[in-house]
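Open the model in your viewer and keep the selection tool at hand. Each stop below says what to pick and what is there.

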Amino acid sequence: MRISRLTKVLAAAAATIVLAACSNTSGSNPGSSGSGSGGPVTLTWFMWSGSDVEKNAWLHVADMVTQKYPNIKIEFQTAPFNDFWTKLTTQAASGNAPCVIGLQGQRAPQFGNLLVPLDDYMSKAGVKASDYVPSITKGLQYDGKQVALPYDVGPFIMFYNKDAFKAAGLKEPAIGWTTDDFMNDAKALNKPPKYAYWVQSDIGNLYPWVLSSSGKTNLNDQGQLDVDNPEWHASAQFYTDLVSKDKLAPQIPSANSSSASANQFLSGNAFMSLDGPWDLINARAQAKFKVGIAPMPAGAAGSKTWSDGSGFGVTKDCKNPDEAFQAVSVMVGSDAENYLGQQGRAYPALISAQDSWYKGNNTADVKPVMDAALANAVPYTTTPTWQQVVTTFSKQAVLTYNGQGSVDDLLSQTQAAGGS
């Protein structure tokens, strides 16, 4: 997944790459062309990617659609993650959205209204939501309707440096470890300028600590932001203390991001860091130490975390929605999911295809952790103004965590950015 995990940013120059040529005979709408109703149809599929390897994987999936439905041709367009959402917003405003688009769970409240509900299509085609991980299936719903089908999913989990734990004479984190265990391990590991843990300024990195401590989610029952409360305050203070009081994590730079955190972990400067399984394969390939993963340390509410993922939906601008759904059904079907899993491009949301990720990438050792984390994960539900929330939180978190601002300021400002 590119999260997008979660808030996964693929920093690159803005570009849209058309990888299959076709003529658009439908006039103003670039999403599809052709006759439909069984005749030849060309569908535009817009999806983010950050490397040639990733683009080639999507091209292979596009070919799988045509192999199953020879009348359907796919024109694949792509852009880096951040640019993708900017361009999609522009396209939607002009009524020219592509036929098929990628959708991250966190973005469903913002873009779900652009998409065709798929429930009736699924029923007619025999596509069962229960075949996919429930948290991401729910995460790709809008107004109670399934507006996208998931291709990947991932729980936020703890990455740790196996070699550092061994050198410190510590037992490796495992299912059942607690917040007290985490603190004891962190104190034993901490040797500045090499720190036990890497605190990150994104709200998604604080969220699992809140869930495990209190079970409190980020939204209330009405779907409104709800973070300025005692439960979030307690966890935010704990997180702040890791940096400014306990000195178990270094101060964070203003440009802190998930990629910067991964670099700190991979460089060996932080021995534990929260991340998603989408980074495990690359981490094991790049790190000069053995990488392990563990569930969130259990707090008073247990070991809780969030999960997120992405999928594909059909836009309301599409002139050939029937064929577009056929394409989506292939893109999240067993053949495509097994391919993406084997290639390490996704941890499949299709439950029956998940073994492909383990067998294809030598990751069978982490299956118990993944199963436990997913079983205790909640969907990363958000609001239509979530980007404002993320930006406000991240900016103030740098000051708060570094001891230059208060937790009260962090949460009150974030709440205000959420509009409630």
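Select Lys87 and Phe46. The charged end of lysine 87 sits over the ring of phenylalanine 46, 5.8 Å from the ring centre. The coordinates belong to a predicted model.

**The two cores**

Next, colour Leu43, Trp45, Trp58, Leu103, Tyr151 and Phe312. These residues touch the most other members of the largest nonpolar core, which has 76 residues. Now add Tyr207, Tyr239, Trp306 and Phe393. They belong to a second, separate core, made up of 48 residues. In soluble globular proteins, nonpolar side chains tend to be buried together.

**Aromatic pairs**

How many aromatic pairs does a search of the whole structure find? The search gives 34. Visit two of them.

Start with tyrosine 197 and tyrosine 239. Their rings meet edge-to-face, 6.1 Å centre to centre, with 75 degrees between the planes. Tyrosine 197 is in strand E9 (residues 195-197) and tyrosine 239 is in helix H9 (residues 230-244), so the pair ties together parts 42 residues apart in sequence. Are these two buried or exposed? Tyrosine 197 has 1% relative accessibility, so it counts as buried. Tyrosine 239 is buried too, at 0%.

Move to tryptophan 306 and tyrosine 380. This pair is tilted: 4.6 Å centre to centre, 55 degrees between the planes. Tryptophan 306 lies in strand E12 (residues 305-314). Tyrosine 380 lies in the loop between strand E13 (377-379) and helix H16 (386-401). The pair therefore ties together parts that are 74 residues apart in sequence. Tryptophan 306 counts as buried at 0% relative accessibility, and tyrosine 380 counts as buried at 4%.

Keep both selected and widen the view. Trp306 and Tyr380 belong to one aromatic cluster with Phe156, Tyr207, Trp232, Trp278 and Trp386.

**H16 against H17**

Show helices H16 and H17 as cartoons. H17 spans residues 407-417. How do the two axes run, parallel or antiparallel? They come within 9 Å and cross at roughly 170 degrees. An angle over 145 degrees counts as roughly antiparallel, so H16 is roughly antiparallel to H17.

Turn on side chains for the contact. From H16, pick Gln388, Val389, Thr392, Phe393, Gln396, Ala397, Thr400 and Tyr401. From H17, pick Val407, Asp409, Leu410, Leu411, Gln413, Thr414 and Ala417. Phe393 has appeared before, as one of the residues of the second core.

**Isoleucine 136**

Centre on isoleucine 136 in helix H5 (residues 134-139). At 1% relative accessibility, isoleucine 136 counts as buried. Which residues does isoleucine 136 touch, not counting those up to four places away in sequence? Select Gly105, Pro150, Asp152, Val153, Asp308, Gly309, Ser310 and Ala349. Then find valine 378. Valine 378 is 242 residues from isoleucine 136 along the chain, yet their C-alpha atoms are separated by 8.9 Å.

**Helix H12**

Select residues 321-331, helix H12. The helix is mostly covered, with eight of its eleven residues buried. Highlight the buried ones: Glu323, Ala324, Phe325, Ala327, Val328, Ser329, Val330 and Met331.

**Last stop: aspartate 355**

Go to helix H14 (residues 355-361), where aspartate 355 is found. Aspartate 355 counts as partly exposed, at 38% relative accessibility. Add lysine 367, twelve residues away in sequence. The C-alpha to C-alpha distance between aspartate 355 and lysine 367 is 9.0 Å.

Terms used
Residues are numbered from 1 along each chain as its sequence is written. This is a predicted model: local features need pLDDT of at least 70, side-chain atom pairs count only at pLDDT 80 or more; totals for chains, interfaces and linings use all residues. Side-chain values use heavy atoms; hydrogens and water are left out. A nonpolar core is a set of buried Ala, Val, Leu, Ile, Met, Phe, Trp, Tyr and Cys residues joined through side-chain atoms within 4.5 Å. Buried means under 20% relative accessible area, exposed over 50%, partly exposed in between (1.4 Å probe, protein chains only). Rings of Phe, Tyr and Trp (its six-membered ring) pair if their centres lie within 6.5 Å; planes under 30 degrees apart count as stacked, over 60 as edge-to-face and the rest as tilted. Helices (H or I, at least four residues) and strands (E, at least two) are DSSP runs, numbered from the N terminus. A charge sits over a ring if NZ of Lys or CZ of Arg is within 6 Å of the ring centre and within 35 degrees of the ring normal. Axes are lines fitted to C-alpha atoms, for helices over the stretch in contact, and angles run from 0 to 180 degrees between N-to-C directions. Angles under 35 degrees count as roughly parallel, over 145 as roughly antiparallel, 65 to 115 as roughly perpendicular and the rest as oblique. Contact means heavy atoms within 4.5 Å.
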